[in-house]
Amino acid sequence: MERSIEQQFDFEDLDRILSGSCHSDPLHVMMYATDASVYRNRPKAVVYPKTDQDISIVLSWCAERGISVTPRAAGTSLAGQCISDGVVLDVSRYLNQIIHLDAEQKTITLQPGVVRDELNRFLKPYGLFFGPNTSTSSRSTVGGMVGNNSSGTTSIKYGVTRDKVLALSGYLADGQWVSFYRPGFNPKHQEQRNLPNDDLGNKASDSNGRQQNLTDSIIELLSEEKTRQEILQQYPKPNIHRRNTGYAMDLLAAQWDQEGPNPQDLDLLPLLCGSEGTLMVTTAITLSLDELPPQHNALVVLQYADMEECMLDVVSAMKHELYTCELIDDVVLDCTAQNSLYTAYRFFVKGTPKAVLFCELRDDTPQGLAHQVDQFCHELNQQNRAYDVQVLHGDDIDKAIKLRIAGLGLLGAMVGDKKAVACIEDTAVSLEDLPEFIGAFTAIMKSFGQKAVYYAHAGAGELHLRPILNLKKDQDKKDFRAITQAVSTLVKQYRGSLSGEHGDGIVRSEFIKEQIGVENYHRLVALKKLFDPQGLLNPGKIVDPWPMDERFRVETTKNAKAINTRYDFSAQQGILSLSEQCNGSGDCRNSHEHQGMLCPSYQATKNERDTTRARANVLREVLSSGDTDIERWGSSALNEAFDLCVGCKACHNECPSKVDMATVKSELQHQRRKLGFSKKWDWFFGNNTLYYKYLFKIPAVLRAALNSAFLAGIIKTKYAIAPERSLPKFPKYSFSQRLANAQRQANVQKNMSETGHKTADHLGLNREKGQRIYLWIDEFSDYLEPEIAQDAYELLVGLGYDVICITGLNSARALLSKGYLDKAKHIIDQNLNYFETHCSQGPVLGIEPSALYGVRDEYLRLASDQSLAEKWKTKAFIVEEFLAQEIRSGHITKASFTDQSLKLKLHLHCHQKSLGEVRDTFELLNLPAGYRPTLIPSGCCGMAGSFGFEKEHYPTSIAMAELHVLPAVRRAEPETLIVANGTSCRHQIEDGTERKALHPITVMRRALNNFNLK
């Protein structure tokens, strides 16, 4: 249906009648312009439905106006299923509840927005789980899995999503409620929810009539034997269980017998699973569940010098009872070698394999597992194809699997315009055809001058195969179509499936006609009209497809002007190219229950606006569409997208594509300040640390007044600080003052010694010297927590180091956090010059992670002397990092510390998690024989410098803290020490729990044996 793009609609009218909300502002249409595919199209509006009734209202409202509706959940589709020219209906934000679990019958009914991994965490205590397992399972939803008929690594054992679906309820395009069940299934909890009781009867009555008409029409469509045979002969081979080409009419045709099905016996669920939201909008899903897999598992890792040899071994391997059989190639492995997060997970890689095969075996007993592994390895070794065979257990399995899962996102981290693009990445063929098919596929790729990327589910006959193309170039755009066409023809020769698990979407729908034949394609069109006569549900996919070589997201950026920035983004080929690195895989939508801290603002709000992905999308849209700085940096949509970014730097590390939005936010604040958009309190938060040294020049009695409740109230009011938040207290003396006083006393005592008087060793200044190190006393440690600086000094001296204290150097952290980049650059240059001039004899050690780790991050982007910045990046460490290295080298041992028993709970700073190593602090606190530290599995504490002080951000700050940190501290026994190495983290913990957290340095200073300073 053609609709005028100029036509305007009153979406505020729709918003007024919803329990949820409707948004047609620039921010939301930019956020939802892309998914995880190569495509882009701004929708007209985005709706967050809160109830089933909201969905009915939206569909009815849009149907009356001829507006299309595209259902969406996590938005991780690779084929463009979520790209819309109408209204995007995001069910993930609110429709994410479990409706009913029947543990005895092993079934569960839930809403479509329930995340797959969260579902399985809920089911685990019952000994059950939902088997299909995508690489995006930490954020993909069950509704999306139904829409795509998702499979994942476990399909060879547990089947695909459509195998598990027992019932679906939801709405047709006109808002009519319908419900479909597997024949023989007794639905107890699939009734329509959230509708007034007086509407239920009428809706149910109308639904029965509509469903009857649908079923009768489908039976009529397939009534002729010739029709059914044509379907069965033209569709992919039935033994390819991962097949999503078009609507699954082959599974309908297979239900006929000599008599034909009764209407009540026709199972329409296989048709609806994999229909990509083009037939109905689902609101309730009933699944069959499996018992948890056997407890004991092993991962056999086989490495090959040749891809063909690997393919041949897949056939042999699948004769065994495998739970997974997965492949990655050398291109993906090379990506992991360039990503610091995953280098430790490459421990199993031997030599330079062209292909690595992961085969998982399970058993209820260790003995049974060992027997299976022995048999499997014996047979595969007999084939003599793999040059290395290893058996992994325990944590090593998790590391290897994380490496494989990361592959998809890492491919998107390719810097520049060339990308591994998804177009032919979903082919599935019968297992016996796989080696020959791969050979033919490789020949096609060579003819296009391509080195293929081989990845994914070898045991299911499916490989994610990606060409590397620059879609900004006309020839590569032509190759995009030509390669897909050539592979489509090849797949048809083998009666494979062009869409194995990722669906047709935009990228493959054009080729459905070739895959299943013209007559069968016309039957798909007829079937679509039965469900959606106006063609309003997710148009452009499966039938009446949009062209696969239009609507590319790069079309908006390929002619964009270069954008000048204060930070150096040359490593990413500019800030716009950095935004393009986001491939939409949605790792930033992971729950706080998932390991890692990406993205803390989304974890707290569950709002797509607060994901790294949304920020990258809006950044790309705004920077590529604006011609002037005011149009770009002055965009209110861009400012709102970045509002809750706390600068934790998780995206710098945990995002597989390394889309560093923390640095972008700092740049954005800098650019907006130049345009006059600063908030009045930004100056205070950005510059206040520069003036600490002057406060300590006034008498201590006057400075103490700053700690009074009266002045605190004035400061909070003036600078929009949350009334609930405490302010830092200024101590009587700074560390600089203590140090200067100690040095004066030392000089006096030195003079007394020379005249025969006895001396004292005050602050260790007269001790015998060891290795020279430079202890950088940052502005937070010097002026706010001098006792920690004192502990650091005494700990290092007590361990025998020759400690030179650096005072008076501001780290520029506060300036950076508020975008005062010109001032920060000046300070950074000063600091680097100081290090170079005065710190030549050893490393520089820092106390506060946010201060020290700037040397490894922002300094590299702002410093005038890049070679100097690169040099000191490798010579600056937080104290715990340095001491952990010394422990590993054997220079520090347990003998120096107490053997007293002590429990510790440890929360570490975000910047350490992103730019350093958590294990450094953990291993250091493990050194005393009796110490038992445990890590709180936390993300960002939510304080994030000034963020947690600001009145407008205080609720989000607390919400972040309540995800992990504060509950863990409250649960800790009173005698357990709470340890945190970030000054903001300690502040948040004390405000939220009234428990004081200690710096790890303080803990280790107190544990040090036989060293007492006066």
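**Exercise 1. A pair of neighbours**

Task: In this predicted model, find the salt-bridge partner of D117 and decide whether each of the two residues is buried or exposed.

Solution:
- Start with the side chain of D117: the salt bridge is formed with R116, and the closest N and O atoms lie 3.1 Å apart.
- Next, look at accessibility. D117 has a relative accessibility of 16%, so D117 counts as buried.
- R116 has 7% relative accessibility and therefore counts as buried too.

**Exercise 2. Salt bridges across the sequence**

Task: Work out which parts of the chain are linked by the salt bridge between E621 and R42, and then which helices are tied together by the bridge between E858 and R813.

Solution:
- For some context, the structure holds 56 salt bridges.
- In one of them, the side chains of E621 and R42 meet with an N to O distance of 2.8 Å. E621 sits in helix α23 (residues 612-625), while R42 belongs to the loop between α2 (26-31) and β2 (45-48). The two residues are 579 residues apart, and the pair links distant parts of the chain.
- Now compare their surroundings. E621 is buried, with a relative accessible area of 1%, whereas R42 is partly exposed at 34%.
- Turn to E858 and R813, whose side chains form a salt bridge at 3.0 Å, N to O. E858 lies in helix α38 (residues 858-862) and R813 in helix α35 (residues 813-817), so this pair ties together parts that are 45 residues apart in sequence.
- Here E858 is buried at 4% relative accessibility, and R813 is buried at 11%.
- To finish, look for a network: salt bridges link D10, D13, R16, E64 and R65.

**Exercise 3. Cysteines without a bond**

Task: Explain why C582 is not bonded to C588, and say where C599 stands with respect to disulfides.

Solution:
- Recall the chemistry: a disulfide is a covalent bond between the sulfur atoms of two cysteines.
- The cut-off to apply is 2.5 Å between the sulfur atoms.
- For C582, the closest cysteine sulfur is that of C588, and because it is 6.3 Å away, it is too far for a bond.
- C599 is likewise in no disulfide: its nearest cysteine sulfur belongs to C648 and is 6.0 Å away.
- Applied to the structure, the rule gives a count of zero disulfides.
- As for accessibility, C582 is buried at 8% relative accessible area, and C599 is buried at 5%.

**Exercise 4. Checking a helix**

Task: Test whether the length of helix α3 (residues 52-65) agrees with its number of residues.

Solution:
- Count the residues: α3 has 14 of them.
- Take 1.5 Å times one less than the number of residues; the expected span is 20 Å.
- Compare this with the model. The end C-alpha atoms are 21 Å apart, which agrees.
- Then see which residues of α3 are buried: D52, D54, I55, S56, V58, L59, W61, C62 and A63.
- Step past the helix end. G66 follows α3 and has a positive phi, near 70 degrees.

**Exercise 5. The surroundings of Q912**

Task: Locate Q912 and describe what its side chain and its contacts involve.

Solution:
- Q912 is found in helix α41 (residues 910-915).
- With a relative accessibility of 0%, Q912 counts as buried.
- A polar atom of the Q912 side chain lies 2.9 Å from the backbone oxygen of E917.
- Leaving out residues up to four places away in sequence, Q912 touches Y853, I878, E917, V918, D920, T921 and N981.

**Exercise 6. Backbone exceptions**

Task: Describe the peptide bond that joins L598 and C599, then the phi values of A944 and E994.

Solution:
- Begin with the usual case: most residues other than glycine have a negative phi, and most peptide bonds are trans.
- The bond joining L598 and C599 is cis, with omega at about -10 degrees. C599 lies in the loop between α21 (575-580) and α22 (600-605).
- A944 has a positive phi, near 50 degrees. Its place is the loop between β26 (931-935) and α43 (954-961), and A944 is partly exposed at 26% relative accessibility.
- E994 has a positive phi as well, near 60 degrees. E994 is found in the loop between α45 (983-993) and α46 (1000-1007), and is exposed, with a relative accessible area of 74%.

Key: Residues are numbered from 1 along each chain as its sequence is written. This is a predicted model: local features need pLDDT of at least 70, side-chain atom pairs count only at pLDDT 80 or more; totals for chains, interfaces and linings use all residues. Side-chain values use heavy atoms; hydrogens and water are left out. Buried means under 20% relative accessible area, exposed over 50%, partly exposed in between (1.4 Å probe, protein chains only). Helices (H or I, at least four residues) and strands (E, at least two) are DSSP runs, numbered from the N terminus. A salt bridge is a side-chain nitrogen of Lys or Arg within 4 Å of a carboxyl oxygen of Asp or Glu. A polar contact is a pair of N or O atoms within 3.5 Å; within protein, one must be able to donate a hydrogen and the other to accept it, and residues adjacent in sequence count only if both atoms are side-chain atoms. Contact means heavy atoms within 4.5 Å.
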